[in-house]
Amino acid sequence: MAKVKMTVGDFKKFKKEGKRFSFVTAYDYTTATIVDESDCNIILVGDSLGMIMLGYKGTESVTMDDMVHHIRPVVKGAPNTWIIGDMPFGSYITPEIAVANAVRLIKETNCDCVKLEGGVEMLPQIKAIVGAGINVMGHIGLTPQTASSLGGFKVQGGTPESAAKLIKDAIELEKAGCFSIVLECVPSGVGKAVSEAVEIPILGIGAGPHVDCQVLVTQDLLGMYGDFKPKFVKQFAQVRQVMIEGLNEFHKETLEGTFPSPEFSFNKQVDIPKLY
Ligand code: KIV
């Protein structure tokens, strides 16, 4: 059956019906076409492209121009998949800047919503973007753009106080108009509690099995990215190895002279004039 693109209303509806869904990343046209052909429901063009596509150590250097450049081909390649455009570090430091950049992402890429990181401290920005008529996805727990202020890439919500803060963040983000929230890197019990506290779906990455949707970076779950593997990443395939084997096979046949065989050559006989 052909895939049907989710609508913003489906997010809350799926949660109410207890229907789970899945969400992965893409940063380019080819990957977007593959995800679009798969059963996965959502694509995030995340600022994780800083590491995965651009080779940076973190996400802080990713710019609005980078985001626009990568979201556009994904939107072209995945017409049947809900697409999130991530707002990069520094692009939503005030409500005015946030609205201008969110409008730019939607206008220049045609993605379906924007995502930004932060809890109650981001309420003015979230309200302003929602007020401009743009769907906003929140992101709480481990927020990579400000990971250094959280003590590094660590599990969040590990104390009663910090777990309570996450629950409060989720409740306030829902009230401010977020239609869903990414919850990253928290103990499973905290994931469950946050999910139970709100009517919008909680999209978990390293947040245990009791949330409404699971998120992973495509290059992580397919075993393509080789720099590091967080504990919460399950590799569902070993695509990196398959790619290396394919490349080595091409190299071997090139050296042997067995590629290209007639099947991969233009075989029309031509009378070549003798010029040398
Ligand atoms: O940029 C990204 O890939 C993300 C995920 C970790 C949810 O924000």
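**Exercise 1.** Determine whether Asp-47 is buried or exposed in this predicted model, and describe its surroundings.

*Solution.* Begin with the relative accessible area of Asp-47, which is 4%. Buried means under 20% relative accessible area, so Asp-47 counts as buried. Next, place the residue in the fold: Asp-47 sits in the loop between β2 (42-45) and α3 (49-52). Finally, list its contacts, leaving aside neighbours within four places in sequence: Asp-47 is in contact with Thr-59, Val-62, Met-67, Asp-86, Pro-88, Glu-117 and Gln-145.

**Exercise 2.** Carry out the analysis for Lys-115 and for Lys-12, and state the burial class of each.

*Solution.* Lys-115 belongs to strand β4 (residues 113-115), and because its relative accessibility is 2%, it counts as buried. Not counting residues up to four places away in sequence, Lys-115 touches Leu-44, Ile-84, Gly-85, Asp-86, Met-87, Met-137, Gly-138, His-139 and Val-182. Turning to Lys-12, this residue lies in helix α1 (residues 8-17), and its relative accessible area of 43% makes it partly exposed. With residues up to four places away in sequence again not counted, Lys-12 touches Glu-199, Ile-200 and Pro-201. The C-alpha atoms of Lys-12 and Gly-206, which are 194 residues apart along the chain, are separated by 21 Å.

**Exercise 3.** Which positions does UniProt give for the feature "binding site", and why can they be said to gather at one spot?

*Solution.* The UniProt record, an unreviewed entry, places the feature "binding site" at Asp-47, Ser-48, Asp-86 and Lys-115. These positions span 69 residues in sequence, yet no two of their C-alpha atoms are more than 12.6 Å apart, so they gather at one spot. As a last step, compare the set with the pocket lining: Asp-47, Ser-48, Asp-86 and Lys-115 are taken in by the lining of the largest pocket.

**Exercise 4.** Describe the volume and lining of the largest pocket, and then those of the second largest pocket.

*Solution.* The largest pocket holds about 900 Å³ of space and is lined by 45 residues, of which Glu-184, Ile-205, Leu-216, Phe-232 and Val-233 lie nearest its centre. The elements that give two or more residues to this lining are β1 (21-25), α3, β6 (180-184), β8 (213-216) and α9 (218-221), and the largest share, 4 residues, comes from β1. By class, the lining of the largest pocket divides into 26 nonpolar, 10 polar and 9 charged residues.

For the second largest pocket, the volume is about 240 Å³, and among its 13 lining residues Ala-2, Lys-3, Val-4, Asp-39 and Asn-41 lie nearest its centre. The lining of the second largest pocket has 5 nonpolar, 3 polar and 5 charged residues.

Key: Residues are numbered from 1 along each chain as its sequence is written. This is a predicted model: local features need pLDDT of at least 70, side-chain atom pairs count only at pLDDT 80 or more; totals for chains, interfaces and linings use all residues. Side-chain values use heavy atoms; hydrogens and water are left out. Buried means under 20% relative accessible area, exposed over 50%, partly exposed in between (1.4 Å probe, protein chains only). Contact means heavy atoms within 4.5 Å. UniProt positions are given in the numbering used here, feature names are shortened, and annotations may be inferred rather than shown by experiment. On a 1 Å grid over the protein atoms alone, a cavity is a set of points where a 1.4 Å probe fits but cannot get out, and a pocket is an open set with protein on both sides within 12 Å along at least five of seven lines; lining residues have an atom within 4 Å of a point. Grid points are joined across faces, edges and corners, and a volume is the space filled by probe spheres set on the points. Ala, Val, Leu, Ile, Met, Phe, Trp, Tyr, Cys and Pro count as nonpolar, Asp, Glu, Lys and Arg as charged, and the others, Gly among them, as polar.
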